[in-house]
Amino acid sequence: MNSWVLSSSPFLVSLFFIFFFCIKIPLSLCDEDTYESCSNMFNCGKLNNIGFPFWGDNRPNSCGYPGLKLNCQGSVATIKIMNVTYQVLGVNPDAQILKITREDFSTGICSPKFVNSTLDPSLLDLGIGFQNLTIVYGCDFSSLIPFLGQFNCQRNGFTRIKSGAYGPGECKVSVVVPVPVSVVVPVPAPVPVPVPVPVQSSPWTDIEIDQSKLEEAIREGFDVKWKVYTAACHNCTRSKGVCGYDLKRNQSTCYYSSPGTYTTCQ
């Protein structure tokens with residue numbers, strides 16, 4: 001009887017296959033391989049057991065947020081944020097803190113890539129206790145008496161620094177980099193004199209720090225806080241699932257070991 005219905009009604013045959021196909025699609029969205037892949041932890045050098053919301057190395061992009069890809073170069077973990085590569089010095093999952101330092105400043109401040117340390121505000125915030133510092137290069141200060149905060153970078157000319165994020169002004173180029181607030185010491189205001197004396201002011205003379213201390217502060221890195229909602233991920237883990245990220249839905253997902261089983265983390 002059923003064979004007669006199918007053979008005599010092409011429409012029913014088509015409808016049967018469409019119905020079967022629609023049922024199978026959701027089951028293919030998550031399989032045991034995805035669960036196993038996202039169960040892997042990122043390990044590189046001193047960084048161990050790094051999971052969601054990060055991905056990279058043996059964790060495919062379905063395991064973490066876009067923009068939070070970790071790379072391992074030898075025994076050094078790196079992350080690229082807004083076209084700048086940083087070395088990852090530490091990860092604190094409980095506080096959602098990532099400690100990073102600019103890779104191009106690892107050998108000093110005189111030959112960086114001239115790109116600002118800019119964070120994606122939808123994903124990352126600058127950590128508490130840090131502030132932006134502007135380093136400007138190619139300044140024409142050769143006739144001035146050197147003081148703390150003025151460096152000679154030879155190929156890139158005289159260098160000055162200023163608290164905050166600014167452009168190069170009258171200098172050739174500038175780079176903004178975060179540093180601990182504790183290392184930024186304003187230059188004291190000049191002592192008033194009884195007679196008027198013309199003073200040439202410069203926007204680049206308000207920070208007092210020597211080159212070695214500045215380079216040390218940059219190498220020690222700064223904190224960024226990731227803004228990913230992870231409470232649902234904790235629920236996923238407690239239910240024997242593994243957190244991942246659904247690129248099509250742009251939201252976190254919970255994968256389970258049973259083939260074809262997944263839920264959306266809300």
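This report walks through the disulfides of a predicted model.

The structure holds six disulfides. Counting bonded cysteines along the protein chain, they follow the pattern 1-3, 2-4, 5-7, 6-8, 9-11, 10-12. Three of these links are described here, with their geometry set out in the table.

| Disulfide | S to S distance | Torsion about the S-S bond |
|---|---|---|
| C44 and C72 | 2.0 Å | 80 degrees |
| C139 and C171 | 2.0 Å | 110 degrees |
| C236 and C254 | 2.0 Å | about 80 degrees |

Let us start with C44 and C72, whose link is right-handed. C44 sits in strand β1 (residues 42-44) and C72 in strand β3 (residues 70-73), so this disulfide ties together parts that are 28 residues apart in sequence. The two ends differ in their surroundings: C44 is buried, at a relative accessible area of 3%, while C72 is partly exposed, at 32%.

Next comes the pair of C139 and C171, also joined by a right-handed link. Here C139 belongs to strand β8 (residues 130-139), whereas C171 is found in the loop between β10 (158-163) and β11 (173-180), so the bond ties together parts 32 residues apart in sequence. Both cysteines, C139 and C171, are buried.

Finally, turn to C236 and C254. Their torsion is about 80 degrees, so this disulfide is right-handed. It links distant parts of the chain, with C236 in helix α5 (residues 231-238) and C254 in strand β14 (residues 251-255), 18 residues apart. C236 and C254 are both buried.

Definitions and conventions
Residues numbered from 1 in each chain as written. Predicted model: local features only at pLDDT ≥ 70, side-chain atom pairs only at ≥ 80, totals over all residues. Heavy atoms only, no water. Disulfide = S-S within 2.5 Å. Helix = DSSP H or I, 4+ residues; strand = E, 2+ residues; numbered from the N terminus. Buried < 20%, exposed > 50% of the residue type's maximum accessible area, 1.4 Å probe, protein only.
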